[in-house]
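Reader: I am new to reading protein models. Please take me through one part closely, then show me how the rest is held together.

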Amino acid sequence: LRSLDLRFADPADEEGFKADREMDLLRWMFIGTVIACISTITHGIASIGPRHFGEILRFNVETVQSRIVMCQQLMWTVLPAVWGVLIFFRISRRWFQCWNWELIITGMMVYGAFVIIAGQTFYLTIMLGEDPADVWEKQVLYSHEAWALLGLNTVTTATSFFLPIRSLVSWAVPTVGVVTYALVNLTHLSSEEQDLDMEHWFRTLLLIALSYLAWHGAWRTERHIRTEWLAVRQVVLSSCTIQEQQASIRNKGQEIERKELEIQEKDELTRSMQTVTRALCDTMVQLDAAFCMRSTDAGQGIFFEQEIEGELFTDFLNAEDRTRFLVCAGRATQSQVPELLPVTLRRKYTTSEVHLLLVDRGTTSL
């Protein structure tokens, strides 16, 4: 793991870690968008309407109050609902799989951190160039600071402890929230021509500290999760390797059994040919791949009038017969069909005209 951003050295491991956490990220974000939409609609119906528009909602798009409420509903309800629909289709229908959902959801949370500050009734009224004390029937100054800080804390906490966003990109959410809070307050104080007091800086520093603690806690948690994920991945890869090796061993075992069966069949054929050969021939010798005589006995030595163990059989043939013998032996090996070849056999003391019956045993011997 890299020291700061915690990324794996292998890009394939990093992509696998990101992909494994994507579905949990989508589920939690979908739940968050549903809660945000329901809370905003409920708050608008139960609190904003009766409090600021009277018992009977007198909604007029030309008034400042109505424009502010419409803007808040657009920012807090409509856009999250659109995102929620996209996430729903990604989860249920497997659509939009090529999208970088971690980056998209990080952008959504950055938007939430910005809107939770800039979308407060008090600040929106100031942005429209109006005085909140003159626009609203009831004072909204007392509550905007608490709502802003509480909302930003909620967004930061959700990003750090509930949404499995990598710390590599999650830092942007609290950063945007703190910067927005500081800028909005600076704008408000500048519009009121007030001096910046220590209380403003103290609140900002506390907000920075709270945001850093939340992000750092998420960073430490991710470090442990990455270590466990890498260990599990190595176990899975080892298990797959073992399964592949077991399958290879099984295949090789089946191949060995097949070869053994073929050898048994060839041995039975050889024994049958040897039985026929002993009945019809004067003697029988076994030749290896180099045509050297092996496993000889005293009877074969008497036939050749010398000790023949390890001797080249072709040394007992003349040049012409030697060439014919090599060609015939190759043909017998390829076709697995016995070959009959008349040759002149030059033994130690005598020379005889003989017929050779060449039978391939299938085990690099003839």
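**A charged patch and its surroundings**

Author: Begin at the surface. Glu-307, Glu-309, Glu-311 and Asp-315 gather there in a patch of negative charge. Keep in mind that this is a predicted model.

Take one member, Glu-311. Glu-311 sits in the loop between α10 (298-304) and α11 (319-335). Its relative accessibility is 33%, so Glu-311 counts as partly exposed. The band for that label runs from 20% to 50%.

Now step along to helix α11. Asp-321 and Arg-324 are both in helix α11, 3 residues apart, which means about one helical turn separates them. They form a salt bridge, with the closest N and O atoms 2.7 Å apart. Side chains of opposite charge can pair when their charged atoms come close. The two partners have separate labels. Asp-321 counts as buried, because its relative accessibility is 7%. Arg-324, at 30%, counts as partly exposed.

Another salt bridge joins Glu-339 and Arg-331. Here the closest N and O atoms are 3.4 Å apart. Glu-339 has 17% relative accessibility, so it counts as buried. Arg-331 has a relative accessible area of 40% and is partly exposed.

These pairs belong to a longer list. A search of the whole structure finds 11 salt bridges. One of them links the side chains of Arg-166 and Glu-14, at 2.7 Å from N to O. Arg-166 lies in the loop between α6 and α7, while Glu-14 lies in helix α1, so this pair ties together parts that are 152 residues apart in sequence. Both Arg-166 and Glu-14 are buried. They also belong to a network of salt bridges, together with Glu-102, Glu-222 and Arg-226.

Stay with that loop. Pro-164 also lies between α6 and α7 (167-170). At 17% relative accessibility, Pro-164 counts as buried, because the limit is 20%. Look across from Pro-164 to Arg-21. The two are 143 residues apart along the chain, and their C-alpha atoms are separated by 6.5 Å.

Next, turn to the nonpolar side chains. The largest nonpolar core has 25 residues. Those with the most contacts inside this core are Met-29, Ile-105, Met-109 and Leu-163. Several helices build the core. The elements that give two or more residues are α1 (11-53), α3 (101-118), α4 (121-127), α6 (141-161) and α8 (172-191). Helix α3 gives the most, with 6 residues.

Nonpolar side chains also appear at the surface. Trp-28, Ile-31, Ile-35, Phe-161 and Phe-162 form a nonpolar patch there. Together they have about 520 Å² of accessible area. Helix α1 gives the most to this patch, with 3 residues. Trp-28 is placed in helix α1. Its relative accessibility is 41%, so Trp-28 counts as partly exposed.

Put helix α1 together, then. Helix α1 gives residues to the largest nonpolar core. Helix α1 gives the most to the nonpolar surface patch. Helix α1 also holds Glu-14, the salt-bridge partner of Arg-166.

Finally, go back to the start. Glu-311 is in the loop before you reach α11, and helix α11 carries the pair Asp-321 and Arg-324. The patch around Glu-311 is negative and lies on the surface.

Definitions and conventions:
Residues are numbered from 1 along each chain as its sequence is written. This is a predicted model: local features need pLDDT of at least 70, side-chain atom pairs count only at pLDDT 80 or more; totals for chains, interfaces and linings use all residues. Side-chain values use heavy atoms; hydrogens and water are left out. Patches are made of residues with over 30% relative accessible area and no salt bridge: like charges are joined within 9 Å, nonpolar side chains (Val, Leu, Ile, Met, Phe, Trp, Tyr) within 5 Å. Accessible areas come from the Shrake-Rupley method with a 1.4 Å probe; for residues, only the protein chains shown count as cover. A salt bridge is a side-chain nitrogen of Lys or Arg within 4 Å of a carboxyl oxygen of Asp or Glu. Lys and Arg count as positive and Asp and Glu as negative; His and the chain ends are not counted. The place of a charge is taken as NZ of Lys, CZ of Arg, CG of Asp or CD of Glu. Helices (H or I, at least four residues) and strands (E, at least two) are DSSP runs, numbered from the N terminus. Buried means under 20% relative accessible area, exposed over 50%, partly exposed in between (1.4 Å probe, protein chains only). A nonpolar core is a set of buried Ala, Val, Leu, Ile, Met, Phe, Trp, Tyr and Cys residues joined through side-chain atoms within 4.5 Å.
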